[in-house]
Amino acid sequence: MTNNSDFLKELHDPELPVPDDMRSSVAVTNLDKLMSTVYNWGRRNSIWPMAFGLACCAIEMIATAASRYDQARFGMEVIRASPRQSDLMLVSGTVTKKMVVPIVRLYNQMPEPKYVLAMGACACGGGPFKDGYNVVGGIDKYIPVDVYVPGCPPTPQALLHGLIMLQKKIDGQSLSNRNSVPWYGRGPSDEATMPVLGPDIIDPRQAHILRRQAGATEQPSEPADTDA
Amino acid sequence: MTEQVPTADTVTPTGETLNVLHKRFKKAVRQDDRDGYDGILIDPARLVEVATAARDELGYDYLASATAVDYLGKGDHLEMVYHLCRTSGGPALVLKAQTPRENAELPSLTGVWSGADFQEREAWDLMGIRFTGHPNLKRILLWEGFDGHPLRKDWREAYYEADQKPFDSRWPDGHVRRAEQDNPYGKNVRYPDGFVLDEYQSTAEDALYADVALGLDVSADLATERVVVSMGPQHPSTHGVFRMIVTLDGERIEALEPVMGYLHRNHEKIGERNTFLQNMPYTDRLDYICSLSNNLGYALAVERLMSLGSRYEPPTYRAEAIRVLMAELTRIVNHMWAIGFLLNDLGAFFTPMMYAVTERELILDFFEATTGSRMMCNYMRFGGVAHDIPDRMRSEASLINDRVRDENTMEYLHKLINERLPRAIDQFDEYLTTSEIVTNRCIGVGVLSTADAIAASAAGPVLRASGVPYDVRRADPYSIYADLDFDVAVRYHGDVYDRYLIRLDEMRQSIRILKQVWPLLMDTGGQPFFAGRGGIYSPRVPAGESYGRVENPKGELGYYVVSDGGQNPRRYHVRAPSFINLTALEQMCKGHKVADVVAILGSIDIVLGETDR
Amino acid sequence: MYGSGVWRGLLVTLKHFVATYVDDIRWGFRRRNPAAFPVRQSLDGRGVFTVEYPEEKIAVPERFRFIPFLVVDNYDHPERAGHDWCTSCGICAKVCPPQCIWIVRGSDPDSGRPVPEPDAFYIDIDLCMNCGLCAEFCPFDAIKMDHDYELASYDRTSNHIYDKRRLSKEFRYWQSIAPTIAEQEASARGGWEHKDVLKQKAKDAKAVASEQAE
Ligand code: SF4
Ligand code: SF4
Ligand code: SF4
């Protein structure tokens with residue numbers, strides 16, 4: 001693997017001499033660079049967020065969309081009510097166990113390329129309500145998050161900063177490098193796993209832990225190897 | 001269209017009521033004589049009779065709040081606490097009924113007040129009291145199939161660390177850990193013993209659709225089919241994560257069941273782990289548009305408890321004036337927001353909202369300069385407020401491109417109250433009140449009659465638009481409202497349009513109050529804004545119970561706090577107006593078109609942080 | 001007349017529309033005009049209200065609360081350069097509502113006795129609710145609320161628990177973001193230095209005075 005990456009680095013060296021018969025393919029990579037730039041420019045300036053307010057942070061999100069901070073300056077004013085038409089999920093507030101099920105479903109319904117911005121302490125990592133029995137300690141336990149905006153609530157300007165960070169992230173993505181984005185690979189990308197509401201929320205990805213714990217007679221003392 | 005209502009008398013209601021009730025019910029009623037407690041204990045077998053008598057004969061026609069308390073280790077019973085009020089004003093009467101913790105069961109009061117419906121469901125959900133005779137006893141905030149009743153004192157959450165904060169692990173050996181690291185399952189989950197994954201069938205969704213009637217309606221002229229639509233929890237017009245299961249006959253609404261709990265953040269459980277002071281910033285997050293008046297209600301409740309002790313100093317006059325200033329500005333913020341959103345729901349997408357948010361930003365500038373935060377103000381303290389109003393609202397550049405401002409605070413306020421806000425309210429009036437689109441969509445829609453509004457424990461603008469001049473600021477005055485001159489706005493049609501108009505009226509009354517408060521602030525400038533010694537982070541709160549209520553912009557916000565005399569409340573309950581106002585939603589919506597539901601919901605003005613807590 | 005209400009409403013929007021251009025003309029069509037900013041953002045503002053973040057930002061007021069930071073002495077302080085003001089008394093950790101402060105009390109490596117400086121200080125900003133209670137109740141003015149809100153990041157696991165190094169900022173910084181509050185606090189303490197330093201100084205001065213008296 002390591003050799004491989006060295007090799008790739010070498011390949012991407014612009015100084016690398018190009019044999020005549022390979023000129024055309026080089027044009028393709030350059031074209032890709034150009035394409036990516038144009039493409040990303042288009043995408044970064046027309047991010048359509050989903051109308052989706054969870055909690056207190058949503059109020060600041062609305063304030064960001066209103067006249068003083070005016071999200072429209074970034075091409076983000078087209079707030080869609082349907083996940084099918086949106087590029088960005090702004091998780092603005094506390095994610096409860098009851099709500100995470102619809103959130104994951106909505107995420108799966110969004111067309112790619114899609115981004116998630118976790119707004120506020122709650123969406124990032126549980127926030128002040130993390131101890132609560134119905135609160136998920138961070139939306140990234142269920143769906144991938146691109147940008148985290150801490151604060152409780154983040155002021156509109158902090159949210160705008162987060163959105164600019166997201167634009168920067170989009171700028172850095174490339175159409176040809178499959179590692180930079182999952183959705184330009186071959187075939188459909190994996191869906192996020194839907195949790196189930198049981199006696200407490202059940203994440204199917206944790207099934208093996210659950211089975212093991214059920215087998216054990218007593219409550220084990222050592223923590224299992226879950227993601228933190 | 002305003003009316004003067006009688007102000008409260010100071011007689012405690014328990015004594016007089018007890019005399020009357022005792023004649024009839026003999027031993028079934030007795031005085032609650034625990035230290036610091038008040039109210040009447042009732043034999044559960046006769047609860048319904050007593051409640052009916054209180055309603056019909058004693059005039060306590062309004063069920064303000066109903067909640068349960070777990071007295072584990074102090075009698076080992078569950079106790080249901082009812083706060084009854086007269087819509088003509090006066091302090092609350094407290095009724096209580098006890099039941100053992102095992103197989104807890106009490107008669108339901110839904111027959112007496114329909115407003116008991118959701119509150120009893122909540123008590124079942126979180127405390128596990130079964131109410132006999134309740135028509136629809138399902139979980140309300142959690143989902144069907146959840147394990148246990150979390151507000152019981154012996155129920156522990158997955159990230160449980162200790163019964164009370166502060167946790168010992170933070171100091172002096174505070175090696176940082178994320179709570180996930182201590183939980184066997186990592187993700188804030190906890191399963192009951194003997195839980196077998198492969199045999200589990202989730203019932204959470206099925207339960208919602210269990211008793212909706214489907215099929216063809218042949219009795220109508222047009223044979224229409226009944227359909228069930230699930231609106232929400234992600235819906236642009238449900239004001240957050242609210243959900244409704246709507247049964248439609250064609251376009252007409254046959255039945256509607258609100259489903260909530262998508263923002264149930266365990267406010268009360270966390271509140272019982274917190275110290276009294278630590279709850280203050282959490283109250284900001286209840287009705288997150290009106291954090292300052294939430295603070296006020298909680299401060300009142302705890303101050304009432306503290307006044308039972310010996311070393312209590314009531315808030316200074318200046319503190320009270322600041323509190324009223326903040327509460328009234330908050331009311332304007334909220335009503336602007338509510339009107340903006342109502343119009344959003346009617347289809348006037350975002351323009352009225354923009355105008356509302358603009359004015360809100362200007363008020364928020366003042367909040368930010370005074371309290372430190374735009375939304376989560378955390379400003380009131382027990383005995384006053386956290387800071388004085390600053391002389392100047394000045395900012396300091398710290399980031400690149402920062403543009404600074406500097407204004408005299410009192411002048412800013414003066415201008416805000418006397419020029420900017422009245423102009424904005426008039427503008428709304430001109431913009432919307434006569435607009436045919438608004439009148440056509442709103443007049444006669446979502447009517448709630450006076451009797452129904454009282455029975456359903458509706459509060460705030462919803463109640464007053466139905467012709468009940470009930471306002472806690474007058475009915476049971478707190479702070480310095482008794483000295484201030486204002487009218488209780490009231491309208492009589494009980495439809496969406498009146499609920500819109502009443503918000504305009506109330507904003508105008510708030511301006512009137514603010515105009516009286518401004519000189520008070522000028523006069524008291526320099527006086528202390530906090531009574532007693534500062535810097536006490538764990539005030540002594542004697543054992544007892546108290547119910548502090550304020551007229552929040554959305555209705556009566558009450559805090560029921562029970563103290564053991566320790567650092568933490570034993571019970572901390574929030575009587576949330578947005579939650580209880582929803583009781584009447586189905587009633588208001590029945591028979592209307594599906595498009596009216598969002599308008600009706602918008603006119604109730606809910607905030608999910610408070611509905612679900 | 002039916003429909004007149006709608007027209008009156010539309011007139012209101014038209015007024016707003018026109019006001020925007022009038023405002024633009026008034027300020028000479030200059031976008032992001034620094035002179036226009038305070039007026040547009042004040043109660044007299046009509047028309048243009050937008051702040052064009054990031055080219056212009058609304059500076060936050062002095063009392064603004066975001067994530068807390070720890071005050072240390074200026075790095076060019078003659079005796080106590082970079083010395084923590086925090087004495088690890090633990091009050092902030094006790095008062096913090098979501099319990100997001102972790103403190104390891106400092107101890108002398110030889111004697112094991114506690115010393116007034118924390119060995120470690122963590123704040124989990126994924127829990128912090130920006131309530132400001134820690135700053136309000138710290139008896140040594142050692143923890144203050146920061147004004148820097150531009151904290152968005154791509155990863156939280158590695159950088160959302162702030163340690164002492166990340167939290168520490170010079171006293172000078174606090175003076176720069178909240179000059180009036182810093183001054184009030186200093187006058188309450190009796191000087192610009194840390195409370196303990198001032199106490200020590202007063203003690204020394206007294207000792208010197210009594211020596212001279214003898
Ligand atoms: S981060 Fe704070 S403001 Fe945002 S949703 Fe959570 S509690 Fe509310
Ligand atoms: S209260 Fe102040 S001095 Fe005490 S530990 Fe906290 S920061 Fe340090
Ligand atoms: S601001 Fe509040 S939540 Fe944050 S560290 Fe300080 S006390 Fe804790």
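## Where chains B and A meet

Two residues count as being in contact when heavy atoms of theirs lie within 4.5 Å. With that in mind, start with chains B and A in this predicted model: 68 residues of chain B and 62 residues of chain A take part in the contact. Putting these two chains together buries about 5800 Å², and carbon and sulfur atoms give 62% of that area. On the chain B side, look for B:W143, B:K187 and B:Q234, which supply 14% of the area that chain B buries against chain A, more than any other three residues.

What about charged partners and polar contacts here? Between chain B and chain A there are six salt bridges. For one to find on screen, try B:R374 with A:E60, where the closest N and O atoms sit 2.8 Å apart. There are also 27 residue pairs in polar contact across this interface, counting pairs with both residues at pLDDT 80 or more.

## Where chains C and A meet

Chain A also touches chain C, with 36 residues of chain A in contact with 28 residues of chain C. About 2600 Å² is buried between the two, and 59% of it comes from carbon and sulfur atoms. Three residues of chain C lose the most area to chain A: C:Y53, C:Y154 and C:R156, together making up 29% of what that side buries.

How many salt bridges does the rule find across the interface of chain C and chain A? Just one. C:R156 pairs with A:D140, the closest N and O atoms being 2.7 Å apart. So keep an eye on C:R156, which is also among the residues of chain C that lose the most area to chain A, as well as forming a salt bridge.

Polar contacts turn up here too, with 12 residue pairs between chain C and chain A, both residues at pLDDT 80 or more. Sort the residues on the side of chain C that touches chain A by class, and you get 16 nonpolar, six polar and six charged.

## Two ligands and their surroundings

Ligand 2 has residues of chain C around it, including C:C86, C:C89, C:C92 and C:C138. C:P139, C:F140 and C:I143 are also among the residues that surround ligand 2. By class, this shell has nine nonpolar residues, three polar and no charged.

Now for ligand 3, which is surrounded by 13 residues. Which are the closest? They are C:C96, C:C128, C:C131, C:G132 and C:C134. The shell around ligand 3 divides into 11 nonpolar and two polar residues, with no charged ones.

## Empty space inside

A search of the whole structure turns up 13 cavities of 30 Å³ or more. The largest cavity holds about 100 Å³ of space. Which residues line the largest cavity? Chain B gives B:D365, B:E368, B:R394, B:R405 and B:Y412, among others, while C:A59 and C:P61 are part of the lining as well.

Terms used:
Residues are numbered from 1 along each chain as its sequence is written. Chains are lettered from A and ligands numbered from 1 in the order in which they are written. This is a predicted model: local features need pLDDT of at least 70, side-chain atom pairs count only at pLDDT 80 or more; totals for chains, interfaces and linings use all residues. Side-chain values use heavy atoms; hydrogens and water are left out. Buried area is the accessible area (1.4 Å probe) that two parts lose on being put together, summed over both. A salt bridge is a side-chain nitrogen of Lys or Arg within 4 Å of a carboxyl oxygen of Asp or Glu. A polar contact is a pair of N or O atoms within 3.5 Å; within protein, one must be able to donate a hydrogen and the other to accept it, and residues adjacent in sequence count only if both atoms are side-chain atoms. Ala, Val, Leu, Ile, Met, Phe, Trp, Tyr, Cys and Pro count as nonpolar, Asp, Glu, Lys and Arg as charged, and the others, Gly among them, as polar. A residue is near a molecule or strand if one of its heavy atoms lies within 4 Å of it. On a 1 Å grid over the protein atoms alone, a cavity is a set of points where a 1.4 Å probe fits but cannot get out, and a pocket is an open set with protein on both sides within 12 Å along at least five of seven lines; lining residues have an atom within 4 Å of a point. Grid points are joined across faces, edges and corners, and a volume is the space filled by probe spheres set on the points.
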